[in-house]
Amino acid sequence: MERCDVVVVGGGHNALVGAAYLAQAGLSVLVLERLDVTGGAAVSERVFPGVDARLSRYSYLVSLLPDQIIRDLGLTLDLRSRAVASYTPVVRDGTHRGLLVERDPGPATAESFRALTGSDREYAAWQSFYADLAELARVVAPTMMEPLRPASQLRSQLERTGVRTWDGFVDRPLGEIVERTFADDMVRGVALTDAVIGTFSHAQDPSLRQNRCFLYHLIGNGTGEWRVPVGGMGAVTAEFSRAARAAGARLLTGAEVVKVAADGRDAEVTYVADGEERTVSAAYVLSGVAPVTLSRLRGGSPHGVEAPEGAQVKVNLLLTRLPRLRSGADPRQAFAGTFHVDEGYADLQKAYDEAESGTLPTRLPGELYCHTLTDPTILSPDLVRAGWHTLTLFGLHTPARLFEQDNTAVRDKAAQGYLAGLNAYLDEPIEDCLALDQNGRLCLEVKSPLDVEASVGMPGGHIFHGDLAWPWAESPEDVGRWGVETDIPNLFICGSGARRGGAVSGIGGHNAAQAVLARWR
Ligand SMILES: Cc1cc2nc3c(=O)[nH]c(=O)nc-3n(C[C@H](O)[C@H](O)[C@H](O)COP(=O)(O)OP(=O)(O)OC[C@H]3O[C@@H](n4cnc5c(N)ncnc54)[C@H](O)[C@@H]3O)c2cc1C
C-alpha cells in the first residue's frame, strides 16, 4: 500500500494551501481531488461555448486571504482595488436616484448621502460605524492565523482603542446596532447585506449567524476590502497549485475519496481513480471537504454535524455593452463596485420571511459587480476591443429547500425575478445587452444551491460548507487550539468548515497545516 505523511481529501483552494505549507516543511503530501481540476469553488472557466471569456464561475472577489500566506508561499498575485465600494439604485418620490459609496469615501460619497437622505446625519453615522468596524478588523485579523484566543482578550484589546461596540457587533443581534445607528431604510439595508451573503439569516436572528457572517465580510486582512483577482479566481487557485507542486506535494485529480479511516495514530484513505479503488496510508489526514461530507466518508455517522443549506443563486452574464441606468449614473462607475438591487432593510426582511415560509421571494434581493471594469484580462483582446463586459449577480434568500421539488423550474423563475429586479433600475432591459454564444444562445448562466452542490460538491450548496463560527475560542478548551481539530487526533479540517476557514482565504489550510506541524516536530 502506498504511504505518505499526509493525505489531503479534496483539492479546493484551502486544501492546496495546506498541502503547500506541509510540503514546504518537508512532509510527503498527496492531494486527492474528485474533479478533473483543482480549486473547488475558486475557479475560472470558459462558461459560454465558443466565447473567449474566462469567468470566475462561483467565487469572484478576495478579501480574507492574508498577505502572510501570499508571502509564505511565494505567490504571484495581482489583487486590484475597485474605485467604488458600492452603488445602490433607489426610487424616492418617483425619482430614480442612487447611493454611491467610494472605496475611500470623499465628497462624492458625502454628497450622495445628502442627496438621498436630506442631511449629513446618515453619512456621519456611516463613517463612525465603519471606523469602529475597522478597529475591530485591526484587532481580529492578525489572530486568524494563530491559535485561538479567548473572546474576552480580543474584546479588551478593542476597548483599549476606545471602541465600545463589541456588544452590538458580537453579542446582540446585528439589527439592533444597525437600527440604532441608521435611520434610512436603504442605508440600513446596504449595511446589513454583508451579514446575509451566503448566510440565510435576518437582522434580529437570535442565532447571531448574521453577526458572524458580517464580521467575516469586514475583517479581511485588517481592512475588509474586497479586491478583484486579476485573471479571475482561477488565477488565484493556479498559484496555490503551483506553490503546492513546487514544494513537492502531489496533486491527483479525477480521484474521488470514498472512505476515510483514522484512529489517532494512523490513517487510511480509499479513493477511486481511473475506475480502480486504491488505498493510501498516512500519519495524518486533512479534510478539505465539508464536515458533513467527511462524516459520510467516515462511515455515515453524523458525528454531531448538521447538514448545511445554501441560500444563494449565482448568475453569470456576458454583455456586449453595459446597460444604461434610469438614475443617469455612469454604468462604468455604478457597476465597478457592488451594485445592490432591492437590498433595502425592509426588502431583506420581507424576502427572508417569504423564503422561510417556503416561497420564492416576490422581490429577490441581490448584488452585482462587473469584473472587467477592473480587470479586462479575462476577456480576449477582441472582446475587450468590442466593449464586452462580464456581470456577476449573487442573489440572496433563495434557500436550497425551495429548489428541491423542481430545480429547473424554480431556477428559471428565480433568474427571471433577479433580472426583473435589476431591469427596474435600468434604462434598457439587461436582456438587450446580453451576448450570444456560438449556438445563438444568450450568455447567461444560473446556478442554484443544488447546482453548486452537484458541480463542486458543497453540501446543500452552502458556500462556506456550513454556518460560519466566531473567529475566536468559544469555550475554554478551544483556547490555544487551531479550530481545525476533530474527535480523532490525526484528522483535521482544512476546508471552509474549519473555524476561520470560510471564503477564499487559505486560512483553513494554513491552520490545519500548523496543527499537523505542531505534532510532527
Ligand atoms: C456562488 C459562490 C460565490 C462565492 N463568492 C465568494 C467570493 O466572492 N469571495 C469569497 O471569498 N468566497 C466566495 N465564495 C465562497 C468560497 O468560494 C468558498 O468558501 C471556498 O471556495 C471554499 O474553499 P475550500 O477549499 O474550503 O472548499 P471547496 O472550494 O468546496 O473545495 C472542496 C473540494 O473538494 C472536492 N471534493 C468533494 N468531495 C470529494 C471527494 N469525495 N473526494 C475528493 N474530492 C472531493 C470538491 O470537488 C472541491 O474541489 C463563494 C462560493 C460560491 C458557491
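## Ligand surroundings

Of the 34 residues around the ligand, those that come nearest are Glu-33, Leu-61, His-465, Ser-496 and Val-504. The model is a predicted one, and the distances below are computed from its atoms.

Polar contacts to the ligand involve both side-chain and backbone atoms. His-465, one of the nearest residues, places a polar side-chain atom 2.8 Å from an oxygen atom of the ligand. Ala-503 contributes a backbone N or O atom, which lies 3.1 Å from an oxygen atom of the ligand. For Arg-34, a polar backbone atom is 3.1 Å from a nitrogen atom of the ligand.

## The seven-stranded sheet

An open sheet of 7 strands follows the order β7-β6-β14-β15-β16-β13-β17, and its pairing is mixed. Its edge strands, each paired on one side only, are β7 (95-102) and β17 (444-447). On average, and with direction ignored, neighbouring strands of this sheet are turned by 20 degrees against each other.

The mixed pairing can be followed from strand to strand. Strands β6 and β7 run antiparallel and are joined by 8 bridges; within this pair, Tyr-87 stands opposite Leu-100 in β7. The hairpin of β6 and β7 has 2 residues between the strands, and Asp-93 takes a positive phi near 50 degrees there. Strand β6 also runs parallel to strand β14 (residues 338-341), to which 2 bridges join it. In that pairing, Ser-86 stands opposite Thr-338 of β14.

Elsewhere in the sheet, strand β13 (residues 313-319) pairs with strand β16 (residues 389-395) in the antiparallel sense, over 7 bridges. Val-313 has Gly-395 in β16 as its bridge partner.

## Helix packing on the sheet

Helix α3 packs on this sheet, where it touches β6 (84-92) and β7; the direction of α3 makes about 145 degrees with that of β7.

Helix α3 (residues 107-117) also packs with helix α4 (residues 121-140), at an angle of about 130 degrees and with the axes 8 Å apart. The arrangement of α3 relative to α4 is therefore oblique. On the α3 side, the contact is formed by Thr-109, Ala-110, Phe-113 and Thr-117, which meet Glu-122, Tyr-123 and Trp-126 of α4. By residue class, this contact between α3 and α4 comprises 4 nonpolar, 2 polar and 1 charged.

## Pairing around strand β12

Strand β12 (residues 276-287) has pairings with β1, β11 and β18. Strand β1 (residues 2-9) runs parallel to β12, with 7 bridges joining them, and Glu-2 stands opposite Val-280 in β12. Strand β11 (residues 267-273) is likewise joined to β12 by 7 bridges, but these two strands run antiparallel. The bridge partner of Thr-270 in β12 is Thr-279.

Strands β11 and β12 form a hairpin with 2 residues between them, and Asp-274 in the turn has a positive phi of about 50 degrees. In the pairing of β12 with strand β18 (residues 491-493), 3 bridges join the strands, which run parallel; Leu-286 stands opposite Phe-492 in β18.

Notes. Residues are numbered from 1 along each chain as its sequence is written. This is a predicted model: local features need pLDDT of at least 70, side-chain atom pairs count only at pLDDT 80 or more; totals for chains, interfaces and linings use all residues. Side-chain values use heavy atoms; hydrogens and water are left out. Axes are lines fitted to C-alpha atoms, for helices over the stretch in contact, and angles run from 0 to 180 degrees between N-to-C directions. Helices (H or I, at least four residues) and strands (E, at least two) are DSSP runs, numbered from the N terminus. Angles under 35 degrees count as roughly parallel, over 145 as roughly antiparallel, 65 to 115 as roughly perpendicular and the rest as oblique. Contact means heavy atoms within 4.5 Å. Ala, Val, Leu, Ile, Met, Phe, Trp, Tyr, Cys and Pro count as nonpolar, Asp, Glu, Lys and Arg as charged, and the others, Gly among them, as polar. Two strands pair if DSSP finds at least two bridges between them. A residue is near a molecule or strand if one of its heavy atoms lies within 4 Å of it. A polar contact is a pair of N or O atoms within 3.5 Å; within protein, one must be able to donate a hydrogen and the other to accept it, and residues adjacent in sequence count only if both atoms are side-chain atoms.
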